[in-house]
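I opened this notebook to keep a record of what I looked up in the model, going from the whole chain down to single residues.

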Amino acid sequence: MVRHIILWKLKSELGEAEKSAVKKEIKAGLEALKGQIPGLIDIKVIIDGRLDSSNADLMLDSLLESEEALKGYAVHPAHVAVANGKVRPYTELRCCLDFEVD
């Protein structure tokens, strides 16, 4: 199995109310992918509970069956639609960590 973790920083020009709305939209869009993409076992977006010591605004934590499933997820039309419509327009920094788990 593969764990796919993404951290995003939202664009600094967004106000606090906008950031809150954007985080909710990203969460709803990405979590709705569960059951739509082959090999995607679990997907969660963490938007609450952020401490002041953080330098990211939200986190995606997903679990996929394999590296091949991760590659399929990356190009799946449903994922691409969420990424292009709800994530990329509002983020200025993305960090990714993919690793194998037992």
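How much area does the protein chain expose, and what share of it do carbon and sulfur atoms supply? I found about 6,100 Å² exposed, with 54% of it supplied by carbon and sulfur atoms, the areas coming from the Shrake-Rupley method with a 1.4 Å probe and, for residues, only the protein chains shown counting as cover.

Before going on I noted that this is a predicted model, in which local features need pLDDT of at least 70 and side-chain atom pairs count only at pLDDT 80 or more, while totals for chains, interfaces and linings use all residues. Residues are numbered from 1 along each chain as its sequence is written, and side-chain values use heavy atoms, with hydrogens and water left out.

**Whole chain.** I looked up the radius of gyration, taken over C-alpha atoms, and found 13 Å for the protein chain, which agrees with the value near 13 Å for a compact globule of 102 residues; the globule rule is 2.2 Å times the number of residues to the power 0.38. The C-alpha trace spans about 40 × 30 × 20 Å along its principal axes. Buried residues make up 37% of the 102, where buried means under 20% relative accessible area, exposed over 50% and partly exposed in between, with a 1.4 Å probe and protein chains only. I also checked contacts, meaning heavy atoms within 4.5 Å: among those between residues at least 6 apart in sequence, 70% join residues at least 24 apart.

**Elements and sheet.** I counted 3 helices and 4 strands, running β-α-β-β-α-α-β from the N terminus on; helices (H or I, at least four residues) and strands (E, at least two) are DSSP runs, numbered from the N terminus. The 4 strands form an open sheet in the order E2-E3-E1-E4, with antiparallel pairing, and two strands count as paired if DSSP finds at least two bridges between them. Strand E2 (40-46) and strand E4 (91-100) stand at the edges with a single partner strand each, so one side of each is left without a neighbour in the sheet.

Going through the pairs, I found 9 bridges between strand E1 (residues 2-10) and E4, with Cys 95 in E4 as the bridge partner of Leu 7. E1 and E3 pair over 7 bridges, and there Ile 6 stands opposite Leu 60 in E3. E2 and E3 pair over 6 bridges, and Asp 61 in E3 is the bridge partner of Lys 44.

**Core.** The largest nonpolar core, a set of buried Ala, Val, Leu, Ile, Met, Phe, Trp, Tyr and Cys residues joined through side-chain atoms within 4.5 Å, has 23 residues, of which Trp 8, Ile 26, Leu 30, Leu 33, Leu 60 and Tyr 73 touch the most other members. Its largest share, 4 residues, comes from E1. Leaving out residues up to four places away in sequence, I listed Trp 8, Leu 10, Val 45, Leu 58, Lys 86 and Val 87 as touching Ile 26.

**Ser 62.** Is Ser 62, which lies in strand E3, buried or exposed? Ser 62 is buried, with a relative accessible area of 0%, in a strand that has 6 of its 7 residues buried. With residues up to four places away in sequence not counted, Ser 62 touches Val 2, Arg 3, His 4, Leu 40, Asp 42 and Ile 43.
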